[in-house]
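Visitor: Hey, I've got a structure to look at and I'm new to this. Could you walk me through it?

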Amino acid sequence: MSTSTRAPNAVEEDRLIAQGVDDEPPANNQRTFAQRAALFVSVLSAAYAFWHVFTLNVSPVETWAFRILHVAGALCIGFLAYSAATVDAPSRGNPKLIKVLAALLALPALYSLFIVFQMSQLIAAGEMIEPDMETWQFGIPLAVTTVGAVLCTWLLRPEGNKFNWLDATLVLAVITSTAYLMVHLDGSALRMRAGTPFASPGNAWAAMTGLILILELTRRVAGGALVVISAIFVLYSFVGPYLPGFLTHDGFDFSRFFSYIYTDAGVLGATTAVSSTYIILFIVFAAFLQASKVGDYFVNFAFAAAGRARGGPAKVAVFASGLMGMINGTSAGNVVATGSLTIPLMKKVGYNGKTAGAIEAAASTGGQIMPPIMGAGAFIMAEITGIPYSDIAIAAIIPAVLYFLSTYLMVDFEAAKLGMRGMRSDELPQFSKMVKQIYLFIPIIILIVALFMGYSVIRAGTLATTAAAVVSWLTPVKMGPKSIFKAFDMAGVMSIQIITVCACAGIIVGVIALTGVGARFSSILLDIAENSQLIALFFAMCIAILLGMGMPTTAAYAVAASVVAPGLIELGIQPLVAHFFVFYFAVISAITPPVALASYAAAGISGANPMATSFTSFKIGLTAFIVPFMFFYNAALLMEGEWFVILRAFVTACIGVFFLAAAIQGWFWGAHANWIVRGILLIAALCMIEGGLYTDIGGALLAIVAIILNKFFKGKAAPNPMVSTRGMD
């Protein structure tokens, strides 16, 4: 395979080759080398994932050291696992030239690494380290290696499967910068000096190297959007004195800025804390579910339960994507995981490509708000707000139910309107057989029970992971040492993107904290809103969606929580409501045009137009844009209040969602609804969703009027079942 057509995660193909999956024998020594390289990455990634599980449960590591090693490990594996070449980039550069440049650029880093060793000796002897030594002998040589290797990987790419030795040079830069931070972590009070005028030059050089490496790997695994935004924030830290209005600040020198960013206020802060504990633990859990084939059971169970209903595969997508999406940390990743199966089946029963992709994108995005795991957002929210994780998971139940109820109804009404059929019995797993294997839900049940029994998230996740391996022994796919190794290998590679993105988001969060722009922005938000919470919420919605366009959910929420949420809280909005509000819109930015990552991923599978798919998924997930305003005006939807108040709010909200889906789809009471009826249903839906007694009565009366009018105008009944449809109107 040539580099010009090789995907960024082509290491997966190499790994399959190394495991003997490829049908063709190695053609030459290059393929043999690729096998060995892939096996090395597999061992490294498996060891990385296992190290996290071991340290979290058995042998804890000091906090800063753990996070530094966490980021460094992800960078090392990332540069080895992800090719510097992009899919469309041509191969260029003589392989010998690349090797020579890699060797030459490695020399300054090796010298810097030797200087770090000398520094450790000086620290052990109680001697001072001269600033010139840190700058000229450590920092500048390391910067030359890092910047030079990054630029060369942009310009020079090896042909075919040949290893890019420039990536090995970047790994050496990671090791050198990490070694400096680890040596100085305790020996010279790195924590006390970081971010102050007394920060050492070496600390700043090591941190700058770390930031460059993080940005480069983020570019490879998540695209350029987050990198550009991060770079703008970094630039803002230095040009602030020259900017007008609320953007101005005093500015920061080189040493103070970079040493501050690589602390627990920036890269090593809340986002990395969550990715190094909860996120990677649940990535391991998801990998064990895949390796044990327990995850396949979730999808098969959804097919057996909903496949026979009209538009069956679409309803399967809703169920399966909800189950898998709460574990998967990215909406687009969930689309690829489940959509590769559900989208072709949806097209088979009559959905066009645009609608099939949109349904999968909307359902996969909803998985990010599905408790108990909620992708990774719940853990970051708990870390930022200090609200117990169990409280966040409980509060998320009703909004998640409303979202998936709305998506299900949209799918059902679409299928009814177009006369679609379900799948035949011979196309589906037998439900009776699936019920007999219900014990395969045990890992999820153990996770939920352990969380609500008061176990820590780490302990609950570890128990659930162990349960996934144990229950596999009740199936034909029994997990042994080889399968466990494969699960840890998958987890290591799967974690690279989310860890890198969290570290990159930490750069933005650190700049916001250092410059104080977040507090000033909150003040501006308050002035614009003029104490109107509704106006403030509208602006918060727009900002969260804009931040989320092109950024993964975790990064979008982390940044929005730093910029927007404090202003909402100052307006008197409860912290839980404010953060949930921001989180929801950061999530659904994945299906919001014009940049809708989940919709684009689905369009790639369905073959439909990406922009058309994103608009259709926006329509299907429209309820998600209303739900946050619902729980703002009615806190009972977040499980706050007496049980009967919560129950009434839930029931009326479900009825309102039903009316809203009917209004959007134009299908009500078994027949097509005209625009007058749809308008009445829309008003009725908003009344029921608001949750007040009088609005509920008004909504019920409007629904009766809609029923009468729909019968009076004799809406067109559903057509006969068919295969070819025109999709959503």
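Guide: Sure, let's go through some salt bridges, a helix, a few ring pairs and two single residues. Keep in mind that this is a predicted model.

Visitor: Okay, salt bridges. How many does a search of the whole structure find?

Guide: The search turns up 6 salt bridges. One of them joins the side chains of Asp-167 and Arg-220, at 3.0 Å from N to O. That pair links distant parts of the chain: Asp-167 sits in helix α6 (residues 165-187) and Arg-220 in helix α8 (residues 201-222), 53 residues apart.

Visitor: Why would those side chains pair up at all?

Guide: In general, side chains of opposite charge can pair when their charged atoms come close.

Visitor: Is Asp-167 buried or exposed?

Guide: Asp-167 has a relative accessible area of 4%, so it is buried. Arg-220 is buried as well, with a relative accessible area of 8%. The cut-off for buried is under 20%.

Visitor: Which other side chain does Arg-220 meet in a salt bridge?

Guide: Glu-216, at 2.9 Å from N to O. Arg-220 and Glu-216 both lie in helix α8, 4 residues apart, which is about one turn of the helix. Glu-216 is buried, just as Arg-220 is.

Visitor: Got another one, somewhere else?

Guide: Try Arg-648 and Asp-696, whose side chains form a salt bridge at 2.9 Å, N to O. Again, distant parts of the chain are linked: Arg-648 is in helix α31 and Asp-696 in helix α33, 48 residues apart. Arg-648 counts as partly exposed because its relative accessibility is 37%. Asp-696, on the other hand, has a relative accessible area of 8%, so it is buried.

Visitor: And which residues do salt bridges that share partners join into one network?

Guide: Asp-167, Glu-216, Arg-219 and Arg-220.

Visitor: You mentioned α33. How many residues does that helix have?

Guide: Helix α33 (residues 693-712) has 20 residues. From its first C-alpha to its last it reaches 29 Å, close to the 28 Å expected at 1.5 Å a residue.

Visitor: Which residues of α33 are buried?

Guide: Asp-696, Gly-699, Ala-703, Ala-706 and Asn-710. They are on the same side of α33, because they cover an arc of only 75 degrees around the axis. The other side of α33 has Leu-693, Tyr-694, Leu-701, Ile-708 and Phe-712, which are exposed.

Visitor: What do the buried residues of α33 pack against?

Guide: Two helices and two strands: α31 (643-665), β1 (667-668), β2 (671-672) and α32 (675-690). You've already met α31, since Arg-648 lies there.

Visitor: Switching topic: how many aromatic pairs does the structure hold?

Guide: There are 32 aromatic pairs. Take Trp-205 and Phe-254: their ring centres are 5.0 Å apart and their planes are at 55 degrees, so the pair is tilted. Trp-205 is in helix α8 and Phe-254 in helix α10 (residues 254-261), 49 residues apart, so to speak of distant parts of the chain being linked fits here too.

Visitor: Are those two buried or exposed?

Guide: Trp-205 is buried, because its relative accessible area is 16%. Phe-254 is partly exposed, with a relative accessible area of 30%.

Visitor: What about Trp-643 and Phe-644, how are their rings arranged?

Guide: That aromatic pair is edge-to-face, with 6.1 Å centre to centre and 85 degrees between the planes. Trp-643 is exposed at a relative accessible area of 63%, while Phe-644 counts as partly exposed at 48% relative accessibility.

Visitor: Which residues do ring pairs link into a cluster?

Guide: Trp-205, Phe-238, Phe-254, Phe-257 and Phe-258.

Visitor: Last topic. Where does Lys-347 lie?

Guide: In helix α14 (residues 331-349). Lys-347 counts as partly exposed because its relative accessibility is 38%. Leaving aside neighbours within four places in sequence, Lys-347 is in contact with Asn-352, Gly-353, Ala-356 and Ser-606. A polar atom of the Lys-347 side chain lies 2.9 Å from the backbone oxygen of Ser-606.

Visitor: And Thr-462, what is it in contact with?

Guide: Asn-57 and Leu-281, if you leave aside neighbours within four places in sequence. Thr-462 lies in helix α21 (residues 457-471), and at 17% relative accessibility Thr-462 counts as buried.

Methods: Residues numbered from 1 in each chain as written. Predicted model: local features only at pLDDT ≥ 70, side-chain atom pairs only at ≥ 80, totals over all residues. Heavy atoms only, no water. Buried < 20%, exposed > 50% of the residue type's maximum accessible area, 1.4 Å probe, protein only. Contact = heavy atoms within 4.5 Å. Polar contact = N/O pair within 3.5 Å; in protein donor to acceptor, adjacent residues only side chain to side chain. Expected span 1.5 Å × (residues − 1). Arc of directions from axis to C-beta. Salt bridge = Lys/Arg side-chain N within 4 Å of Asp/Glu carboxyl O. Phe/Tyr/Trp six-rings, centres within 6.5 Å; stacked < 30°, edge-to-face > 60°.
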